[in-house]
Amino acid sequence: MQHSIVSWETVHEHGQLWWLHLKMRKQLFVDEMHWSIPHTPDVEADQYDTPKTQYVITHTNGTPLAASRLNPTIGNFGYWSYMINDACEGKLPGIPDTLMDAPPRDHSIWEATRFTVNPSIPKAERNSILAENARALTGAARDLGASKLIALMPPAYVRWLTSIGLPTNKTGPTLKDGQGNRICTIEMAL
């Protein structure tokens with residue numbers, strides 16, 4: 001199992017892997033979970049896939065097994081900044097604007113999103129592969145100068161991440177999204 005950090009600067013070195021990871025995201029989030037998010041018949045990508053984005057892709061022999069995405073909490077890319085901040089500004093229907101009182105805008109804080117595991121992997125193996133990806137994500141974030149990660153996740157991820165050696169805290173209220181799923185903001189010191 002390998003981990004590749006892919007950015008827009010290095011996508012030419014990992015183009016097929018990057019494309020297959022976007023296909024995996026579409027299969028999981030659109031086809032299986034029925035999220036109403038931007039996609040084509042082949043891939044899923046949204047407004048947070050920008051030139052600032054860093055992708056952490058866990059793979060074997062060029063086949064993505066799991067992936068996650070990092071975005072800075074500073075700056076905007078056009079109308080958009082990062083998911084938690086945009087939700088708090090009321091820009092994301094279906095995500096409550098009361099996630100946090102003051103979403104951070106700090107060079108040392110990055111947002112982690114789009115945690116994905118290949119749906120073809122047997123359920124019994126998914127947690128260990130996601131754990132490997134989460135550990136690689138924290139290393140990539142540190143390399144970017146991050147001292148903290150934030151994310152919008154189901155509250156159960158606090159316990160799960162902590163159990164795999166990545167101590168995590170809930171930082172906001174537990175709320176329900178537009179589909180009735182429990183969500184909250186979480187943070188992890190690096």
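Q: Which residue in strand 2 does S4 stand opposite?

A: Strands here are DSSP runs (E, at least two residues), numbered from the N terminus, and two of them pair if DSSP finds at least two bridges between them. In this case, S4 stands opposite I57. The strands involved are strand 1 (residues 2-7) and strand 2, antiparallel and joined by 6 bridges. A word on the source: this is a predicted model, where local features need pLDDT of at least 70, side-chain atom pairs count only at pLDDT 80 or more, and totals for chains, interfaces and linings use all residues. Residues are numbered from 1 along each chain as its sequence is written, and side-chain values use heavy atoms, with hydrogens and water left out.

Q: How many bridges link strand 2 and strand 3?

A: There are 7, in the antiparallel sense, with strand 3 covering residues 63-72. One pair to look up is H59 with its bridge partner P64 in strand 3. The hairpin of these strands has 2 residues between them, and N61 takes a positive phi near 50° there.

Q: How many residues of strand 2 are buried?

A: Buried means under 20% relative accessible area, exposed over 50%, and partly exposed in between (1.4 Å probe, protein chains only). Strand 2 (residues 54-60) is mostly covered, with 6 of its 7 residues buried.

Q: And in helix 4, why is T162 classed as partly exposed?

A: T162 is called partly exposed because its relative accessible area is 37%. Helix 4 spans residues 156-163; a helix is a DSSP run of H or I, at least four residues. Beyond neighbours within four places in sequence, T162 is in contact (heavy atoms within 4.5 Å) with P167 and T168.
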